[in-house]
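Okay, everybody, thanks for coming. I'll put the sequence and the structure up, and then I'll talk you through what I found in there.

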Amino acid sequence: MENTQLEKIKRRLGIDLDNDNENDLLKDLINDAESYFLGFTGALTIEDKYQFMIENVVYKLYGQKGSEALASENIDGYSVTYHNLNNLFEPYLEILKKDFKLESEGGIQFL
């Protein structure tokens with residue numbers, strides 16, 4: 001992971017670049033997202049063209065910080081539903097199916 005990726009993620013999340021308090025957490029989330037990607041696709045490495053997917057998954061994971069076990073919440077008409085770990089890469093499924101020859105027969109199980 002390059003430092004520029006961490007900086008980009010911090011900018012998008014509104015975290016000051018000089019604030020190192022979240023660096024370890026963000027690095028953990030990046031590692032998790034990369035592991036999910038590699039496991040799902042069967043790839044050995046992650047090409048640069050897929051880094052936007054990794055970063056977007058990190059944003060989702062960071063947004064769920066402290067609510068990891070929460071699937072849905074409804075308070076006085078305000079409803080929140082978080083993506084679960086089984087479909088973090090769902091928005092990119094068509095790209096991944098094409099690039100990695102993933103089959104959709106019988107359903108795809110996300111890692």
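I'll start with the overall layout, then go through helix 2, the aromatic rings, and a few single residues.

First, a caveat: this is a predicted model. The protein has four helices and two strands, and if you walk along from the N terminus you get α-α-α-β-β-α. Of the 111 residues in the protein, 36% are buried. And take the contacts with a separation of 6 or more: 59% of those come from residues 24 or more positions apart.

Right, helix 2. Helix 2 covers residues 23-41, so to speak our main character, with 19 residues in it. From first C-alpha to last, helix 2 reaches 27 Å, close to the 27 Å you'd expect at 1.5 Å a residue. Now, which residues of helix 2 are buried? The list is N23, L26, L29, I30, A33, E34, Y36, F37, F40 and T41. Those buried positions cover an arc of only 160 degrees around the axis, so they sit on the same side of helix 2. After the helix comes G42, with a positive phi near 80 degrees.

Keep F37 in mind, please, as we move to the rings. How many aromatic pairs does a search of the whole structure find? Six. Take F37 with F89: the ring centres are 5.7 Å apart and the planes are at 65 degrees, so that one is edge-to-face. F37 is in helix 2, while F89 sits in the loop between strand 2 (78-81) and helix 4 (93-100), so this pair ties together parts that are 52 residues apart in sequence. Both F37 and F89 are buried.

F37 has another partner. With F100 it makes an aromatic pair that is also edge-to-face, 5.8 Å centre to centre and 80 degrees between the planes. That pair again links distant parts of the chain, with F37 in helix 2 and F100 in helix 4, 63 residues apart. Is F100 buried or partly exposed? F100 comes out at 21% relative accessibility, and since buried means under 20%, F100 counts as partly exposed. F37, on the other hand, is at 0% relative accessible area, so F37 is buried. And if you follow the ring pairs along, they link F37, Y50, F52, F89, Y92 and F100 into a cluster.

Staying with those helices for a moment: how do helix 2 and helix 4 pack? Their axes are 11 Å apart, at an angle of about 50 degrees. An angle like that makes helix 2 and helix 4 oblique to each other. At the contact, F37, F40 and T41 from helix 2 meet L93, L96 and F100 from helix 4. So F37 and F100 turn up here as well as in the ring pair.

Now some single residues, beginning with helix 1, residues 3-13, where we find K10. Is K10 buried or exposed? K10 has a relative accessible area of 2%, so K10 is buried. Skipping neighbours within four places in sequence, K10 is in contact with I15, D16, L17, N19, D20, N23 and L26. N23 and L26, you'll remember, are among the buried residues of helix 2.

Q5 is in helix 1 too, and with a relative accessible area of 8% Q5 is buried. What does Q5 touch, not counting residues up to four places away in sequence? I30, E34, Q51, I54 and E55. Of those, I30 and E34 belong to the buried set of helix 2.

Over in helix 3, residues 51-63, there's Y59. Y59 is at 13% relative accessibility, so Y59 counts as buried. Leaving out neighbours within four places in sequence, Y59 is in contact with K8, I9, R12 and L13. For L13, the C-alpha atoms are 7.2 Å from each other, although Y59 and L13 are 46 residues apart along the chain.

One last item for anyone who likes backbone angles. K101 is not a glycine, yet K101 has a positive phi of about 55 degrees. K101 lies in the segment after helix 4, and at 65% relative accessibility K101 counts as exposed.

That's what I had; over to you.

Definitions and conventions
Residues are numbered from 1 along each chain as its sequence is written. This is a predicted model: local features need pLDDT of at least 70, side-chain atom pairs count only at pLDDT 80 or more; totals for chains, interfaces and linings use all residues. Side-chain values use heavy atoms; hydrogens and water are left out. The expected span of a helix is 1.5 Å times one less than its number of residues. Buried means under 20% relative accessible area, exposed over 50%, partly exposed in between (1.4 Å probe, protein chains only). The arc is that of the directions from the helix axis to the C-beta atoms. Rings of Phe, Tyr and Trp (its six-membered ring) pair if their centres lie within 6.5 Å; planes under 30 degrees apart count as stacked, over 60 as edge-to-face and the rest as tilted. Axes are lines fitted to C-alpha atoms, for helices over the stretch in contact, and angles run from 0 to 180 degrees between N-to-C directions. Angles under 35 degrees count as roughly parallel, over 145 as roughly antiparallel, 65 to 115 as roughly perpendicular and the rest as oblique. Contact means heavy atoms within 4.5 Å.
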